[in-house]
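Open the model in the viewer and follow the stops below in order. Each stop gives a selection and then what is found there.

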Amino acid sequence: MSFTLPDLPYAHNALEPHIDSTTMEIHHKRHHNLYITNLNNAIESSSLEGLSIEDLCKNHSDNIAVRNNGGGHYNHSLFWEILSPNGGGDPTGKVKDMINSSFGDFNNFKEKFKTAAMTRFGSGWAWLCQVDDHLEICSTANQDNPLMPGICNDSSNPLMGIDVWEHAYYLNYQNKRVEYIDAFFNILNWEEVNNRLK
Ligand code: MN
């Protein structure tokens with residue numbers, strides 16, 4: 001059973017004006033799809049075939065093809081889900097309480113998350129993770145993610161992540177990563193972030 005490209009939970013143009021339709025099409029149909037193709041090729045007819053994407057990230061990231069392409073598949077699948085044309089605003093539900101207890105308040109959390117995203121040199125991701133009863137922010141290089149051991153807290157359950165590869169924002173925002181990060185918060189689906197709590 002090989003991995004397949006998941007449909008977006010909305011139309012490619014649904015996140016405009018925050019993320020433009022062309023960026024979404026290229027990002028989803030070409031970049032994400034290529035990670036899946038390369039992942040399938042890497043694990044075909046090996047002992048890794050049939051493992052879940054979480055298992056591959058947690059236990060097989062020493063395999064560089066799995067690390068890069070499995071990470072790419074996991075990360076992008078999460079990214080599409082935590083965005084919504086009806087997103088934005090203040091956090092809701094249990095995540096709101098956990099943000100307040102872990103970071104003081106939403107504004108302080110937002111500043112810390114933006115700093116993690118802004119200071120990730122080159123390509124990578126910034127993350128908000130559940131670690132037991134609190135939340136932590138971290139960032140990862142390339143297509144690494146917090147499930148992979150030895151990068152963030154090894155108990156991390158990723159709740160939300162922002163893709164800061166240039167392919168995620170360059171058409172609209174050019175080099176202005178900070179404006180893209182602000183736009184991300186306007187389409188962030190807090191309901192889905194809550195759904196990811198364990
Ligand atoms: Mn990407």
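Select helix α4 (residues 93–103) together with α5: their axes come within 8 Å and cross at roughly 75°. Axes here are lines fitted to C-alpha atoms, for helices over the stretch in contact, and angles run from 0 to 180 degrees between N-to-C directions. Helices (H or I, at least four residues) and strands (E, at least two) are DSSP runs numbered from the N terminus. The crossing makes α4 roughly perpendicular to α5; angles under 35 degrees count as roughly parallel, over 145 as roughly antiparallel, 65 to 115 as roughly perpendicular and the rest as oblique. Show Ile99, Asn100 and Phe103 in α4, which meet Phe106, Asn108, Phe109 and Lys112 in α5 (contact means heavy atoms within 4.5 Å). This contact divides into 4 nonpolar, 2 polar and 1 charged residues, where Ala, Val, Leu, Ile, Met, Phe, Trp, Tyr, Cys and Pro count as nonpolar, Asp, Glu, Lys and Arg as charged, and the others, Gly among them, as polar.

The model is predicted: local features need pLDDT of at least 70, side-chain atom pairs count only at pLDDT 80 or more, and totals for chains, interfaces and linings use all residues. Residues are numbered from 1 along each chain as its sequence is written, and side-chain values use heavy atoms, with hydrogens and water left out.

Keep α5 (residues 106–119) and add α7 (residues 177–186); the two axes come within 10 Å and cross at roughly 135°. The pair is therefore oblique. From α5, pick Phe106, Phe109, Lys110, Phe113, Lys114, Ala117 and Met118; they meet Arg177, Val178, Ile181, Asp182, Phe184 and Phe185 in α7. By class, the contact of α5 with α7 has 9 nonpolar, no polar and 4 charged residues.

Now keep α7 alone and colour Arg177, Tyr180, Ile181, Ala183, Phe184 and Phe185, its buried residues (buried means under 20% relative accessible area, exposed over 50%, partly exposed in between, with a 1.4 Å probe and protein chains only). What covers them? The cover includes α3, α5, β3 and α6 (170–173).

Next, select α1 (residues 21–43) and α3 (residues 64–81), which pack at an angle of about 140° with their axes 8 Å apart. That makes α1 oblique to α3. Among the residues of this contact are His28, His32 and Tyr35 of α1 and Asn69, His73 and His76 of α3. The contact of α1 with α3 comprises 10 nonpolar, 11 polar and no charged residues.

Zoom in on histidine 73 in helix α3. Histidine 73 is buried, at 6% relative accessible area. Its side chain and that of histidine 32 are joined by a polar contact of 2.9 Å. A polar contact is a pair of N or O atoms within 3.5 Å; within protein, one must be able to donate a hydrogen and the other to accept it, and residues adjacent in sequence count only if both atoms are side-chain atoms. Beyond neighbours within four places in sequence, histidine 73 touches Phe3, Thr4, Pro6, His32, Tyr35, Ile36, Leu39 and Ile53.

Move to asparagine 145, in the loop between β2 (134–141) and β3 (157–163). Is asparagine 145 buried or exposed? Asparagine 145 is buried, with a relative accessible area of 0%. Its side chain makes a polar contact of 3.1 Å with the side chain of asparagine 75.

Finish at aspartate 133, in the loop between β1 (124–131) and β2. Aspartate 133 counts as exposed, at 63% relative accessibility.
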